[in-house]
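The following exercises are to be worked with the sequence and the structure at hand. Each task is followed by a solution in steps.

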Amino acid sequence: AETAFSPRLGLLYRIDPATRGEDIRRALRQMIDQSAVEFAKYLSKERILETQRAESWQSTWDVQESSIDTRDAWTIQVIGTQDVTRIVNGAPSTERHQLQVRVKLAADPEGRTDRNLRTGCRGVRFEVKEIAAAPVAGA
């Protein structure tokens, strides 16, 4: 079963060069202010968006499993696959990454708004663990 928040991870893990800037802005609005600042600094320091542009990244994001932590109703876990196609040495290369993402949520004091895509909550902390990665044959 999908949680209300799990599709929002597509803003980070589904990459469409035509909408990437707006997708990142929307994802940052889903986070509490401090987390958004920290995440933006991480993207800049690690040159993530620059690398994605330079290598012409495109990706899909498919949620495989989504659940609410039984010990903490404000924590969700999502397992999904991201198929990333990028240009390496002038040729396209596709890899599949299976990711486990844990998101700690907090109630948005403003309630259900456009800022939080009407979920009523915002992300506080994101923990990402790569479960598996492999090239996609024939892609």
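**Exercise 1.** In this predicted model, determine which residues lie nearest the centre of the largest pocket, and state how many residues line the pocket.

*Solution.*
Step 1. The lining of the largest pocket consists of 24 residues.
Step 2. Nearest the centre lie Tyr-13, Phe-39, Tyr-42, Leu-43 and Ile-48.
Step 3. Two or more lining residues come from each of the helices α1 (10–13), α2, α3 (33–45) and α4, and likewise from each of the strands β2, β3 (91–107) and β4 (121–135).
Step 4. Sorted by class, the lining comprises 15 nonpolar, five polar and four charged residues.
Step 5. The space in this pocket amounts to about 640 Å³.

**Exercise 2.** Identify the salt-bridge partners of Glu-22, beginning with Arg-25 and continuing with Arg-29.

*Solution.*
Step 1. Between Glu-22 and Arg-25, the closest N and O atoms are 3.3 Å apart, and the cut-off for a salt bridge is 4 Å, so the pair qualifies.
Step 2. Both residues belong to helix α2 (residues 20–29); because they are three residues apart there, about one helical turn separates Arg-25 from Glu-22.
Step 3. Glu-22 also forms a salt bridge with Arg-29, with an N to O distance of 3.3 Å.
Step 4. To classify exposure, note that partly exposed residues fall between the limits of 20% and 50% relative accessible area. Arg-25, at 47%, is therefore partly exposed. Glu-22 has a relative accessibility of 35% and is likewise partly exposed. Arg-29 is assigned to the partly exposed class at 37%.

**Exercise 3.** Where in the chain do the two partners of the salt bridge between Arg-86 and Glu-55 lie, and are they buried or partly exposed?

*Solution.*
Step 1. The side chains of Arg-86 and Glu-55 form a salt bridge with an N to O distance of 2.9 Å.
Step 2. This pair connects distant parts of the chain, its members being 31 residues apart: Arg-86 lies in strand β2 (residues 75–88), whereas Glu-55 occupies the loop between α4 (48–54) and β1 (58–68).
Step 3. Arg-86 has a relative accessible area of 22% and is partly exposed. Glu-55 is also partly exposed, with a relative accessible area of 22%.

**Exercise 4.** Name the residues that are joined into one network by salt bridges with shared partners, and give the number of salt bridges in the structure.

*Solution.*
Step 1. The network unites Asp-69, Arg-71, Arg-102, Arg-125 and Glu-127.
Step 2. The structure contains 14 salt bridges.

Methods
Residues are numbered from 1 along each chain as its sequence is written. This is a predicted model: local features need pLDDT of at least 70, side-chain atom pairs count only at pLDDT 80 or more; totals for chains, interfaces and linings use all residues. Side-chain values use heavy atoms; hydrogens and water are left out. Helices (H or I, at least four residues) and strands (E, at least two) are DSSP runs, numbered from the N terminus. Buried means under 20% relative accessible area, exposed over 50%, partly exposed in between (1.4 Å probe, protein chains only). On a 1 Å grid over the protein atoms alone, a cavity is a set of points where a 1.4 Å probe fits but cannot get out, and a pocket is an open set with protein on both sides within 12 Å along at least five of seven lines; lining residues have an atom within 4 Å of a point. Grid points are joined across faces, edges and corners, and a volume is the space filled by probe spheres set on the points. Ala, Val, Leu, Ile, Met, Phe, Trp, Tyr, Cys and Pro count as nonpolar, Asp, Glu, Lys and Arg as charged, and the others, Gly among them, as polar.
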